[in-house]
Amino acid sequence: MNISSGSSSLTYRGRSLDMSSPHVMGILNATPDSFSDGGEFVTVQKAIDRIGTMLDEGAAIIDIGGESTRPGAEPVSSAEEMNRVIPIFEKAVSLFPEAIFSADTRKPEVAEQALKTGVHIINDVSGLQEPRLAELCSSYGAGYILMHTKGDPRTMQKNPVYEDVILEITDFFADRLQVLKKAGVLSVVIDPGIGFGKTLKHNLQIIAQLQNFTTFGYPVLMGASRKSMIGRLLESRPAGDRLAGTLAVHYHSLIKGAKILRVHDVKEAADSIRVFNALRSVEE
């Protein structure tokens, strides 16, 4: 299990992902209320069908969550979250043994049960508010996605204020990465958290200056897929009509050093990475 400055691979639980090229993380929300696809994949069979499609379309990682973290969302209990996602993980991990699975959760109880099914990564949108998540990832040899957030989903978009958003996120990463290192978690991805306690201006600043976060030596994840910032830039476009805007944001992020794109539209994201790699090979 290792990812360090200058490393070209992400390794966890005996699996390795070559990070010399960017990858797609496909989103599966096993929730009734997620902002874009809530209610679409709440049964195990529908979830399995969608996972198969995303893998066929080029996803390297499948990220499954059972609690909506859209702005204003109410939390659900650990028991409810587990009821939504654990049966999916139990079937999917065995059915797709070559796939990499990530559990999108901020609860240690849910994370532990997901890891017991064979999940490879914990995607924690809380920014390590629960130190036990680091202990679990260390003990299972799992990967960990460290996302910056300001507040919780219920309140995070109520007038978030920064003196310097880039500097404050940089300081946050520096602090939390030390905590993860001490806990023995070396397989880390960092995510600046688009839309999690940020205004439109903050989000644009983060994307424009994303290269600042690559200096830590860990892969940077960009997750702007269909988010409200794109809707606002495109005259209140609804979530299902934000594909072009998403591709533009994510392609710019690739130029700035992003290594993982967390998306709803896997095929289109995978195509954009193929074009990006082709252009980059000519430049080199």
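**Helix packing, internal cavities and backbone conformation**

In the predicted model, the axes of helix α8 (residues 243-255) and helix α9 (residues 266-283) come within 10 Å and cross at roughly 35 degrees. The crossing of α8 and α9 is right-handed. On the α8 side, the contact is made by L243, L247, Y251, L254 and I255; these residues meet E268, A269, S272, I273, V275, F276 and L279 of α9. By class, the contact of α8 with α9 comprises 10 nonpolar residues, 1 polar residue and 1 charged residue.

Residues of this helix pair also appear around an internal void. The second largest cavity, with a volume of about 30 Å³, is lined by S225, L243, T246, L247, H250, V263, D265 and A269. Helix α8 supplies the largest share of this lining, namely 4 residues. Of the lining residues, L243 and L247 in α8 and A269 in α9 also take part in the contact between the two helices. The lining of the second largest cavity consists of 4 nonpolar, 3 polar and 1 charged residues.

In total, the model contains 2 cavities of 30 Å³ or more. The largest cavity has a volume of about 50 Å³, and its lining is formed by E67, T69, E81, D104, T105, R106 and V125. Charged residues account for 4 members of this lining, alongside 2 polar residues and 1 nonpolar residue. The linings of the two cavities thus contain 4 charged residues in the case of the largest and 1 in the case of the second largest.

Backbone conformation was examined next. Most residues other than glycine have a negative phi. Against this background, R226 has a positive phi, near 60 degrees. R226 is located in the loop between β9 (221-222) and α7 (228-233). With a relative accessible area of 16%, R226 is classed as buried, because this value is under the 20% limit.

A positive phi, again near 60 degrees, is found for E235, which is likewise a residue other than glycine. E235 belongs to the loop between α7 and α8. The relative accessible area of E235 is 75%; E235 therefore counts as exposed, the cut-off for that class being over 50%. Helix α7 thus borders both loops concerned, that of R226 and that of E235, while the side of burial differs in the two cases: R226 is buried, whereas E235 is exposed.

Terms used
Residues are numbered from 1 along each chain as its sequence is written. This is a predicted model: local features need pLDDT of at least 70, side-chain atom pairs count only at pLDDT 80 or more; totals for chains, interfaces and linings use all residues. Side-chain values use heavy atoms; hydrogens and water are left out. On a 1 Å grid over the protein atoms alone, a cavity is a set of points where a 1.4 Å probe fits but cannot get out, and a pocket is an open set with protein on both sides within 12 Å along at least five of seven lines; lining residues have an atom within 4 Å of a point. Grid points are joined across faces, edges and corners, and a volume is the space filled by probe spheres set on the points. Ala, Val, Leu, Ile, Met, Phe, Trp, Tyr, Cys and Pro count as nonpolar, Asp, Glu, Lys and Arg as charged, and the others, Gly among them, as polar. Axes are lines fitted to C-alpha atoms, for helices over the stretch in contact, and angles run from 0 to 180 degrees between N-to-C directions. A crossing is left-handed if the near helix is turned anticlockwise from the far one by less than a right angle, and right-handed if clockwise. Contact means heavy atoms within 4.5 Å. Buried means under 20% relative accessible area, exposed over 50%, partly exposed in between (1.4 Å probe, protein chains only).
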